[in-house]
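Hi everyone, thanks for coming. Let's walk through a structure together, and please keep it open on your screens while I talk.

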Amino acid sequence: MQLAKQGKRLDGRGLLDYRGPIELNTEISWTAEGSAQVRIGETVVLAGVKMSLEKPYNDTPDEGGITINAELLPLSSPEYEPGPPQIKAIELARVTDRGIRESKAIDVKKLCLRLGEKAWFITIDIITINDAGNLFDAASMAALAALKNAHFPVFDETTGVIDYHKKTTTKIPLQKEPISVTVYKINGSLLVDPSSEEEESYDARLSIATDEKGIISALQKGGVAPLTVEEIARMMEIAVVKAKFLRNILNTELEKKRK
Amino acid sequence: MAYTKRLDGRKFDEIRPIEAKAGVIPNADGSAYFKAGNTVAYAAVYGPRELFPKHLQNPKKGIIRCYYNMMPFSGSGERIRPGGNRRAQEISMVMTNALNPVVDLSAFPNTVVDIFVELPQTDAGTRCAAICAACIALADAGIPMKDMVSAVAVGQVDGAIVADLIYDEEAYPAIVSDIPVAILHNSKEVTLLQMDGEISKEDLIKAVEMAQKVSEKIYQVQKQALKDKFAREEM
C-alpha cells in the first residue's frame with residue numbers, strides 16, 4: 001500500500017512494468033479451429049476457437065455471431081471451486097467479449113452463408129491454467145491470438161457436414177484487432193499487470209480495449225472507488241501505450257510462427 | 001487378421017510418443033503436464049486440505065477426489081458445452097478408484113486431496129492420460145504414495161491386439177475393442193479396467209498383459225518428469 005505511493009511494488013517492478021516473461025504460443029490444441037496460450041509472469045491462460053453453422057437470429061438474418069466464455073478452473077487456483085461460473089468468470093468473459101464482439105472486430109456479415117438460414121457462429125473459450133493475477137490482459141491477448149490463427153473447418157455444401165478434422169486456408173474476417181489493458185488504481189497510484197496480492201487490495205480498475213490505431217473500442221470500470229476525469233485520461237494514455245507493447249509481442253510471435 | 005498395418009504406422013505394441021513435465025502450475029501443491037500423441041492432460045493437486053461438507057470427512061484418513069474435464073475446444077468434433085456431463089463424472093470416479101490404492105492419507109484425517117485434470121486437446125486415451133498426469137502431480141505434491149500408477153488403452157482392432165489406440169482406430173470399421181487399463185508399477189496389479197466393443201477372454205488377457213508390458217515405458221517417463229522437477233528445484 002505504502003510502496004505504491006513511492007512508485008514501487010512488492011516484487012520490485014515499476015508501476016507501469018509488466019512481469020516477465022510474456023510469451024505467446026499458438027496451435028496449442030489441434031482440435032480447436034484456432035488456439036493460443038499466453039503467459040504473463042506466472043499467469044497462464046489458454047484460448048480456443050470453435051466454429052459451427054447455425055440459423056442466424058431473426059433480427060439479423062444476414063449475420064453470423066461470436067460468443068466468448070471464460071472458465072476459471074479450480075485447477076488454476078485454490079480460490080476456485082468446481083461448479084457453475086461465478087461472477088468473476090462472468091465478468092472476465094463479458095469484458096473480453098466487449099473488447100472483441102462489441103467493438104465489431106469481426107465482420108459478422110461475412111460469416112453468413114445463406115440469408116436467414118445458415119451462418120458461422122464462433123465461440124472463444126478462455127481457460128485459466130494458473131491465475132497469478134491480471135487475467136483480463138492475458139485473456140484479451142489469448143482471445144485475439146486464437147482468432148488470428150483460426151481457420152475455418154471444411155464444410156461440404158451438398159451433404160451439409162462440417163469436417164472438423166480438415167481446415168481450410170480461410171481465416172476469420174477481422175476488421176480491427178483490439179487489445180485490452182486494465183489499469184488499476186491502488187492507494188492513489190495507477191499501475192498495470194497486478195499480481196494476485198495487488199488484485200486483492202485495489203480501489204478501482206478500468207479495462208480499456210484499443211485497436212491498432214489507438215481508437216478506444218470498449219471500456220469497463222471495476223472496483224468500489226470513484227475515478228476522477230484526470231485519472232481516466234491518464235489511464236487511457238497508459239492503456240494505449242501498453243496495448244501497443246502487447247500487440248508487438250503478439251504480432252512478432254504470430255509472424256515467427258508463419259515462417 | 002485384416003489389420004496388418006496400423007493407421008499411423010506404429011508397431012502393434014508401440015505406444016505413441018509421450019512427454020511429461022512436473023510442476024507446471026505454480027498455484028497448485030503438485031502438478032503435471034502429460035502428452036501422449038495428440039492427447040494432452042494437465043493435472044493439479046490441491047491438499048491435503050480440510051474437507052467440506054463435514055459429513056464427508058473420514059476421521060481415520062484423508063480422501064482423494066478426482067475431477068476429469070475436457071476443455072470446450074478439446075473434442076475432435078463440435079464444441080463441448082462446459083459444465084460437466086455424465087461421462088466426465090463417471091471417468092472422475094474410475095480415476096479416483098485407479099489412484100486410491102497407491103495413496104496413503106492415514107496421517108491426514110478429515111482432509112481431502114483434490115485432483116483436477118483438464119484436457120486441451122484429445123485423440124483417444126483421455127482417461128489414461130488423465131491418470132498418468134494425476135499420478136505425477138500427486139507425487140509432485142509430496143502425497144505419501146506406495147507405488148506409481150501408469151495407464152494405457154489396449155484393444156483389438158480387426159483381430160490385432162494393439163497398444164494405445166488413436167481415435168481413428170477406435171472408429172475402425174470392423175470389430176474393435178477399447179480397453180483402458182491402469183497398472184501399478186511394483187505389483188503389476190490392475191486398478192482401472194473398462195471395455196467397449198467385443199473380444200474373446202483369451203485375447204482380453206493378452207491385451208491386459210500387453211498393457212502391463214508397455215506401462216513400464218510410461219512409468220519411466222513419469223519418473224523422469226519428477227526427477228527433472230527436483231533437479232530444477234535444487235539448482
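Let me start with pLDDT, which is the predictor's confidence in each residue, on a scale from 0 to 100. Chain B averages a pLDDT of 97, and 100% of its residues score at least 70. For the complex, the predictor gives an ipTM of 0.95 and a pTM of 0.96.

Some housekeeping. This is a predicted model, in which local features need pLDDT of at least 70 and side-chain atom pairs count only at pLDDT 80 or more, while totals for chains, interfaces and linings use all residues. Residues are numbered from 1 along each chain as its sequence is written, chains are lettered from A and ligands numbered from 1 in the order in which they are written, and side-chain values use heavy atoms, with hydrogens and water left out.

Now, where the chains meet. How many residues does the contact take from chain A and from chain B? There are 29 residues from chain A and 27 residues from chain B, where contact means heavy atoms within 4.5 Å. Between them, chain A and chain B bury about 2,400 Å², with 65% of that on carbon and sulfur atoms. Buried area here is the accessible area (1.4 Å probe) that two parts lose on being put together, summed over both. On the chain A side, Trp30(A), Lys50(A) and Leu75(A) lose the most area to chain B, together 26% of what that side buries.

What about charges? The count between chain A and chain B is one salt bridge, meaning a side-chain nitrogen of Lys or Arg within 4 Å of a carboxyl oxygen of Asp or Glu. The partners are Asp125(A) and Arg79(B), at 2.6 Å from N to O. There are also 14 residue pairs in polar contact between the two chains, both residues at pLDDT 80 or more. A polar contact is a pair of N or O atoms within 3.5 Å; within protein, one must be able to donate a hydrogen and the other to accept it, and residues adjacent in sequence count only if both atoms are side-chain atoms.

Which strands of chain A each supply at least two residues of the side that touches chain B? They are β3 (43-54), β4 (65-71), β6 (118-130) and β8 (161-171). Helices (H or I, at least four residues) and strands (E, at least two) are DSSP runs, numbered from the N terminus. The largest share of that side, five residues, comes from β6(A).

Let's move inside chain A, to helix α2 (residues 87-102). Its buried residues include Leu92(A), Val95(A) and Ile100(A); buried means under 20% relative accessible area, exposed over 50%, and partly exposed in between (1.4 Å probe, protein chains only). The buried residues of α2(A) pack against β4, β6, α3, β11 (204-210) and β12 of chain A. Just one stop along β12: Gln220(A) lies in this strand, residues 216-222. Gln220(A) is buried, with a relative accessible area of 18%, and among its contacts are Glu91(A), Val95(A) and Arg98(A).

Next, Asn149(A), which sits in the loop between α3 (135-148) and β7 (151-156) of chain A. Is it buried or exposed? Asn149(A) counts as buried because its relative accessibility is 9%. A polar atom of the Asn149(A) side chain lies 3.2 Å from the backbone nitrogen of Ser35(A).

Finally, more salt bridges; over all chains the count comes to 35. In one of them, Glu198(A) pairs with Arg9(A), the closest N and O atoms being 2.8 Å apart. Glu198(A) lies in helix α4 (residues 196-200) and Arg9(A) in the loop between α1 (2-5) and β1 (22-26) of chain A, so the pair ties together parts that are 189 residues apart in sequence. Both Glu198(A) and Arg9(A) are buried.

In chain B, Arg65(B) and Asp114(B) meet in a salt bridge at 2.8 Å, N to O. Arg65(B) is in strand β4 (residues 63-70) and Asp114(B) in strand β5 (residues 111-121) of chain B, so this pair ties together parts that are 49 residues apart in sequence. Arg65(B) counts as partly exposed at 23% relative accessibility, whereas Asp114(B) is buried at 3%.

That's my tour, and I'm happy to take questions.

Terms used. Lists of a residue's contacts leave out its neighbours within four places in sequence.
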